[in-house]
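Reader: I am new to this structure and would like to go through it step by step. Could we begin once it is on display?

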Amino acid sequence: MTLAIFMVLLMVLAAAVSLITEAVKKCLDNSGAKYSANVIVLIVAIIVGVGGTAVAYLFLGIPFTLTNIVCIVLMAIAVWVGAMVGYDKVIQMIEQIKVLK
């Protein structure tokens with residue numbers, strides 16, 4: 001995996017995780033279920049990170065070797081960290097805006 005592919009996948013997948021996480025949280029809120037936001041982000045990031053990277057490998061014709069499978073797992077972790085940092089910063093910004101009003 002080249003650095004360019006890594007960066008594009010990380011950006012797109014982390015954004016997708018953030019959007020999907022918000023949708024899942026909205027559904028859970030509507031159903032009245034109790035949940036941990038961090039666990040939801042982790043589960044969604046693993047699914048999206050592994051699935052998205054595997055689909056990218058298929059489309060780009062990259063073979064599934066042991067090294068590339070390790071890269072898929074590492075990409076899932078990177079997507080999780082990227083989504084968590086982005087998610088926390090967005091929530092922090094919203095809270096700061098609420099205080100200003």
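Reader: How many residues does helix H2 have, and what span does H2 reach from its first C-alpha to its last?

Author: This is a predicted model, in which local features need pLDDT of at least 70 and side-chain atom pairs count only at pLDDT 80 or more, while totals for chains, interfaces and linings use all residues. Residues are numbered from 1 along each chain as its sequence is written, and side-chain values use heavy atoms, with hydrogens and water left out. Helices here are DSSP runs of H or I with at least four residues, strands are runs of E with at least two, and both are numbered from the N terminus. The expected span, 1.5 Å times one less than the number of residues, is 34 Å for H2 (residues 37–60), and H2 comes close to that with 24 residues and a reach of 33 Å.

Reader: Is Gly-51 of H2 buried, partly exposed or exposed?

Author: Gly-51 is found in helix H2. Buried means under 20% relative accessible area, exposed means over 50%, and partly exposed lies in between, with a 1.4 Å probe and protein chains only. Because its relative accessibility is 31%, Gly-51 counts as partly exposed.

Reader: Which helix supplies the largest share of the largest nonpolar core?

Author: A nonpolar core is a set of buried Ala, Val, Leu, Ile, Met, Phe, Trp, Tyr and Cys residues joined through side-chain atoms within 4.5 Å. The largest one has 14 residues, of which Leu-13, Val-17, Met-75 and Val-79 touch the most other members. Helix H1 (3–31), H2 and helix H3 (66–100) each supply at least two residues of this core, and the largest share, six residues, comes from H2.

Reader: How do the axes of H1 and H2 cross, and what is the handedness of the crossing?

Author: With axes fitted to C-alpha atoms over the stretch in contact (heavy atoms within 4.5 Å) and angles running from 0 to 180 degrees between N-to-C directions, the axes of H1 and H2 come within 8 Å and cross at roughly 140 degrees. Angles under 35 degrees count as roughly parallel, over 145 as roughly antiparallel, 65 to 115 as roughly perpendicular and the rest as oblique, so H1 is oblique to H2. A crossing is left-handed if the near helix is turned anticlockwise from the far one by less than a right angle, and right-handed if clockwise; that of H1 and H2 is right-handed.

Reader: What order do the elements of the protein follow from the N terminus on?

Author: The protein has three helices and zero strands. From the N terminus on, its elements therefore run, by the DSSP runs, as α-α-α.
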